[in-house]
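Work through the following exercises with the sequence and the model side by side, and try each task before you read its solution.

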Amino acid sequence: MAALKLVIGNKNYSSWSMRPWLALRANAIAFDEVFIPLYTDNKADKDRILGFTLSGKVPALIDGDVTIWDSLAILEYLAEKFPEKKLWPQDSASRAHARSISAEMHSGFAALRNECGMNLHRAVRAIALSDDARANVARIQEIWSECHRRYGGPFLFGPFSAADAMYAPVVHRFRTYAIEVLPGARHYVEAMTSLPAFQQWTRDALAETLVIERFETV
Ligand SMILES: N[C@@H](CCC(=O)N[C@@H](CS)C(=O)NCC(=O)O)C(=O)O
């Protein structure tokens, strides 16, 4: 059987790539990594992405003849393909909750994402956030705190799940932009930063030398 292939962008910047990568790595699912540098102005790089998916975006998962693009669709595919890994919570009400917050991340928090792009090598420094971004920060911390109250941690639904893969990049954003994490949400940052797969991604990202100038001005 051909190995799964995950097409990803720069680990320093590509938060959408990080999500399925983490789900695969944290669940010890074997895969080959295909790295394509993003936003290089080199047409060959964009063409390589288009060779995998006409969306022109990463991540994309290739499983033989099947291509899945978009982070959340990849997580769903992995959950179906590897049921024994329990990517979603087993109980239907918890699973619905996990899917709701994952969809909320996938379709929301635009202000925080726009104002605080993931950039792991950026020097830690606070910036003035808009009201919308501050509301995003409060909502995310409320989600983390509520999950901890209901499911007891260490991750959102107990063991690491697809929902954690969706929220992992936010942990980097909070650190890089010196965003205060309230006591009820701190345990989550600790759990995530202790996860070996999260640490591996972080190390790989910091070892990259590629710089995308327009992401370095914030
Ligand atoms: N909704 C998509 C977003 C994918 C996305 O925006 N990927 C960015 C990198 S993080 C990308 O490929 N950008 C390259 C481009 O737009 O040229 C997902 O969840 O996968």
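**Exercise 1. Describe how contacts are spread along the protein chain.**

Solution. In the protein chain, 73% of the contacts with a separation of 6 or more are between residues 24 or more positions apart, where contact means heavy atoms within 4.5 Å. This is a predicted model, in which local features need pLDDT of at least 70 and side-chain atom pairs count only at pLDDT 80 or more, while totals for chains, interfaces and linings use all residues. Residues are numbered from 1 along each chain as its sequence is written, and side-chain values use heavy atoms, with hydrogens and water left out.

**Exercise 2. Find the secondary structure and its order.**

Solution. Begin with the totals, which are nine helices and four strands for the protein chain; helices (H or I, at least four residues) and strands (E, at least two) are DSSP runs, numbered from the N terminus. Then read along the sequence, where the pattern is β-α-β-α-β-β-α-α-α-α-α-α-α.

**Exercise 3. Examine helix α1 and decide how far it is covered.**

Solution. Helix α1 takes in residues 15-26, and its twelve residues reach 16 Å from the first C-alpha to the last, close to the 16 Å expected at 1.5 Å a residue; the expected span is 1.5 Å times one less than the number of residues. Next, nine of the twelve residues of α1 are buried, so that the helix is mostly covered, buried meaning under 20% relative accessible area with a 1.4 Å probe and protein chains only. Among them are W21, L22 and L24. Finally, just after α1, A28 takes a positive phi of about 55°.

**Exercise 4. State how much of the whole chain is buried.**

Solution. Of the 218 residues in the protein chain, 50% are buried.
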